[in-house]
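Dear colleague,

I am handing over the structure below, and my notes on helix packing and on the nonpolar cores follow it. Please read them with the model open beside you.

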Amino acid sequence: VAAGAGRGRLKTAAAIGLRVGRIVNKYKVAKHFDLTIGESTLQFERRQAAIDAEAALDGIYVVRTSLPVAQRSTEETVRDYKRLTQVEHAFRSMKTVDLHVRPLWHRTEKRVKAHIFLCKLAYYVQWYLEKALAPLTFGDETPEDRLTRDPVAPARPSEEAKQKCLTKRNISGEPVTRLTRVLGHMATIVRNRCRTKGSDETFDLDTLPNPLQRRALELVEGMLMSHDGDR
């Protein structure tokens with residue numbers, strides 16, 4: 001196919017080549033066209049065989065491992081590969097989003113290791129709370145079993161999770177919100193050290209939990225008890 005040189009504004013082959021190169025590099029299509037550039041002219045032809053061959057592989061990826069099939073099946077290999085996204089999410093959460101493991105202001109090796117350990121421990125507590133408080137958040141309480149579903153197909157939310165997003169309530173009719181908001185409510189439970197007027201006698205007074213806080217405490221306690229039973 002022959003084309004003009006941009007309404008006559010590009011005259012030389014060099015100018016036309018620069019403009020064409022900018023476009024094909026932007027859209028990554030240089031390998032799909034044969035280009036012939038001359039003075040005030042541009043000719044291009046599709047490499048149809050290459051285009052058809054690449055179209056046949058659209059959406060296909062290959063996961064390779066050195067483990068034998070007897071040790072790791074194809075399905076298990078794909079599942080483990082996809083679980084890397086959870087590891088990446090954990091690193092993002094620790095470094096920047098939630099726990100802010102960086103910057104480090106420690107100087108000795110022992111203190112740096114202690115800081116990293118505490119951040120890992122804090123992330124585990126956060127992960128644990130996400131599971132325990134799922135009924136009060138938009139989290140999926142009944143996710144697909146990763147060991148039985150097709151490892152290649154994308155994970156899909158359960159019907160309960162879809163209803164949560166639509167109604168802003170869980171299956172029991174309780175309102176749901178983001179985990180950070182639930183934790184923000186929990187942070188208002190405090191223990192005050194009080195002293196009677198005109199006396200040195202002191203006593204502790206805890207704030208009474210509201211219905212949301214009481215429900216959250218019940219969920220966390222229930223998960224702790226279930227784990228104790230497993231052990």
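Helix 4 passes helix 5 in a right-handed crossing, and I should say at once that this is a predicted model. On the side of helix 4 the contact is made by His89, Ala90, Ser93 and Met94, and on the side of helix 5 by Cys119, Lys120, Tyr123 and Gln126. Sorted by character, the residues of this contact comprise four nonpolar, three polar and one charged. As for the geometry, helix 4, which covers residues 84–97, and helix 5, which covers residues 109–132, pack at an angle of about 115°, and their axes lie 10 Å apart. Because angles of 65 to 115 degrees count as roughly perpendicular, helix 4 is described as roughly perpendicular to helix 5.

Turning to the nonpolar cores, the largest has eight residues, namely Leu129, Leu133, Leu136, Leu179, Val182, Met186, Ala216 and Leu219. Two elements, helix 7 (179–186) and helix 8 (211–230), each give two or more residues to this core, and the largest share, three residues, comes from helix 7. If you would like one residue to start from, Val182 touches Leu133, Leu136, Thr137, Thr177 and Ala216, leaving aside residues up to four places away in sequence. There is also a second, separate core of five residues, among them Leu10, Ile16, Val20 and Val24. As general background, nonpolar side chains in soluble globular proteins tend to be buried together.

With best wishes

Note on methods: Residues are numbered from 1 along each chain as its sequence is written. This is a predicted model: local features need pLDDT of at least 70, side-chain atom pairs count only at pLDDT 80 or more; totals for chains, interfaces and linings use all residues. Side-chain values use heavy atoms; hydrogens and water are left out. Axes are lines fitted to C-alpha atoms, for helices over the stretch in contact, and angles run from 0 to 180 degrees between N-to-C directions. Helices (H or I, at least four residues) and strands (E, at least two) are DSSP runs, numbered from the N terminus. Angles under 35 degrees count as roughly parallel, over 145 as roughly antiparallel, 65 to 115 as roughly perpendicular and the rest as oblique. A crossing is left-handed if the near helix is turned anticlockwise from the far one by less than a right angle, and right-handed if clockwise. Contact means heavy atoms within 4.5 Å. Ala, Val, Leu, Ile, Met, Phe, Trp, Tyr, Cys and Pro count as nonpolar, Asp, Glu, Lys and Arg as charged, and the others, Gly among them, as polar. A nonpolar core is a set of buried Ala, Val, Leu, Ile, Met, Phe, Trp, Tyr and Cys residues joined through side-chain atoms within 4.5 Å. Buried means under 20% relative accessible area, exposed over 50%, partly exposed in between (1.4 Å probe, protein chains only).
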